[in-house]
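Biologist: I'm new to this one, could you walk me through it?
Modeller: Gladly, let's have it on screen and start with the vocabulary.

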Amino acid sequence: MVEEKNNLMDKIESLCKRRGFVFPDSEIYGGMANTWDYGPYGAGMRKNIKDRWWKKFVQDRDDMVGLDAALIMNPKVWEASGHLANFKDPMVECEKCHGRFREDDLENNPSAGVGAGKCPDCEGKLTAPKQFNMMFKTFFGPAEESANVAYFRPETAQGIFVNFKNIIDTTRKKLPFGIGQIGKAFRNEITPGNFIFRTREFEQMEIEYFIPVPKKDKDWEKYFEDWRKEMIGWIKDLGIDVKKEIHELNVPKDELAHYSKKTIDFEYKFPFGQKELYGLAYRTDFDLKSHGLDYTDEDGNKFIPHVIEPSLGVDRSFLAALCSAYTEEKVKDEMRAVLKLPVWLSPVKIAVFPLLKNKPELVKKAKEIFNGLKTDYVCEFDDNGNVGKRYRRQDEIGTPYCLTVDFDSLEKDDVTVRDRDSMKQVRVKIKELGDYFKYKL
Ligand code: ATP
C-alpha cells in the first residue's frame, strides 16, 4: 500500500516535470535541494488559485480589504511578535551520518524507529534536541554587521498587524473586518521535502480577521466557526472531497503556537500521509497587544481587538488539488492519465488543433478560431503529432476542452469539441463557440 502511494507521488512529480508544471530549481547547475520553480502551467495554476482566493475573500466581501507588505521588515517586528524567541523547532542530529531531523517529526513517525534515539537513515545515535530558530537571516544594506541583521518574514501575518492602524485610518473599516494578503514567506525548515509540500520559500494567503473583545467564549467561537465553514467551502472549490480527504485536527493545547488559544489544522490525505494543508487559529489579542496597537470604536471606547486567522499555503493548495485531480483510466487497452481539475483551476481552458499541420487551409482556420478565443480564455494552439497524442497531452495538463478543425469544418463552419472527462465529442458551429463556452468556462 505504502509503495502504491509513493508511486502515486512519483507519478505526480513526473507529470509536473514532463508537462511544465514544476521544475527542480537551478537544474542546469545541479539543482538546489528541495527548491522548485513553477513552469508555464504551474504558474498559470498558481495564479488561478491566488486570483480566486483574492476575489472570494477580499474583493467580494465588504468586511475585507487587501494588503501587500514588504518581505523584509524591521527586526523589531519579530522581537515584538515573539518569533525571535519562539519560532523554533527541536532539532536532533545523527552522530554517525550527521543527518538532521525535527524531533517532533520523528516522534510522530514510529516507523522511523526513534524513541530509541536512533537515526531513521542509518540507525546511528541521535544527539539531544537543540532549539533551532527557523527565521532566514540576512543583512539589510551593504555592511555585514550585526546592527544590519534582518529577517525574511516567516509568515505574512505580521505585515498585516503592523499596518492595522494605517488601514483603519485610510479605509475607515469598523469591527468586525479583516485584512487579506498573499505573499512569499521563508522558513529555514530542518526537514523540507515531499516535493513542494515543505519548502524553505513558499507562498501564503492569510487573513487576519479583527473582532471586538469577546466577553464570553462563544463570542469568538462564532467567528471561528464562520471561518471554518469558509475554509471548507474553499477546499471544496479546489476539487477536494472534504469527507474522504480532509481531517480536522483540533491541535492539542501543549502543541499550540505561542500566540494561539485554539487552532484547527485542516489535514489532507497526501499520498505520503495525512498532513497539514491549512490552519485556522484564534490568536486572541496577542499580536496587536505586542505591537502596542489598539482600536477606538464609534462611542470612543478604546480596546485591543482579537483576531481569527485563516492561514492557507498556495503551494499546498496546488499539491492537494493535483493529488485529488490525478486520475488514471483505461481507454481501449491504453492507460490515460488525466488531471480532472475544476475548470476554474485548469491552467489552459481550451486547446485548438488543426487536424493536420501540413494543410494550410486547416491551420489558417484553426488559427482564426484560436485568435478569436484567446482574449477571453487561456488557449493553446497545438499542431504537433497526431490528434490522439495532442489529446493525451492536454489531458495531463487538465485542459477541459479541445477543439479540432477538420475537413468538414471548411464546408460546414463547425468544429469538434472534445470534453476532457467524458471524452465525448460534439460538433459546434464556429460562430456559436462564444455562447457555448460562456456557460461552461
Ligand atoms: P507545519 O506544521 O507543516 O510545519 P505550520 O503549522 O508551521 O506547518 P503555519 O505556521 O500554520 O504552518 O502556516 C500556515 C500555512 O502555510 C500552512 O498551513 C501551510 O499551508 C503553509 N506552510 C507553512 N510552512 C510551509 C512550508 N515550509 N512549505 C510550504 N507551505 C508551508
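Modeller: Two strands count as paired if DSSP finds at least two bridges between them, and please keep in mind that this is a predicted model.

Biologist: Okay, so in what sense do S11 and S17 pair, and over how many bridges?
Modeller: Strand S11, residues 201-211, and strand S17, residues 306-313, pair in the antiparallel sense, with six bridges between them. Within that pairing, Tyr209 has Ile308 of S17 as its bridge partner.

Biologist: In what order do the strands of the sheet come?
Modeller: The sheet is open and has seven strands, in the order S3-S10-S11-S17-S14-S13-S12, with mixed pairing. Strand S3 (64-67) and strand S12 (246-250) each have a single partner strand, so they stand at the edges and one side of each is left without a neighbour in the sheet. From one strand to the next, the twist averages 25°.

Biologist: And what does helix H8 touch?
Modeller: Helix H8, residues 217-237, packs on the sheet and touches S3, S11, S12, S13, S14 and S17, its direction making about 150° with that of S14. Helix H11, residues 314-325, lies across S11, S13, S14 and S17, and runs at about 40° to S13.

Biologist: Switching to the ligand, which residues come nearest?
Modeller: There are 15 residues around the ligand, and Glu189, Arg198, Thr199, Glu276 and Leu277 come nearest. A polar side-chain atom of Glu276 is 2.7 Å from an oxygen atom of the ligand, while a polar backbone atom of Thr199 is 2.8 Å from a ligand nitrogen atom.

Biologist: How much of the ligand does the protein bury?
Modeller: Taken alone, the ligand exposes 600 Å², and the protein buries 84% of that. Strand S14 gives the largest share of the shell, four residues.

Conventions:
Residues are numbered from 1 along each chain as its sequence is written. This is a predicted model: local features need pLDDT of at least 70, side-chain atom pairs count only at pLDDT 80 or more; totals for chains, interfaces and linings use all residues. Side-chain values use heavy atoms; hydrogens and water are left out. Helices (H or I, at least four residues) and strands (E, at least two) are DSSP runs, numbered from the N terminus. Axes are lines fitted to C-alpha atoms, for helices over the stretch in contact, and angles run from 0 to 180 degrees between N-to-C directions. Contact means heavy atoms within 4.5 Å. A residue is near a molecule or strand if one of its heavy atoms lies within 4 Å of it. A polar contact is a pair of N or O atoms within 3.5 Å; within protein, one must be able to donate a hydrogen and the other to accept it, and residues adjacent in sequence count only if both atoms are side-chain atoms. Accessible areas come from the Shrake-Rupley method with a 1.4 Å probe; for residues, only the protein chains shown count as cover.
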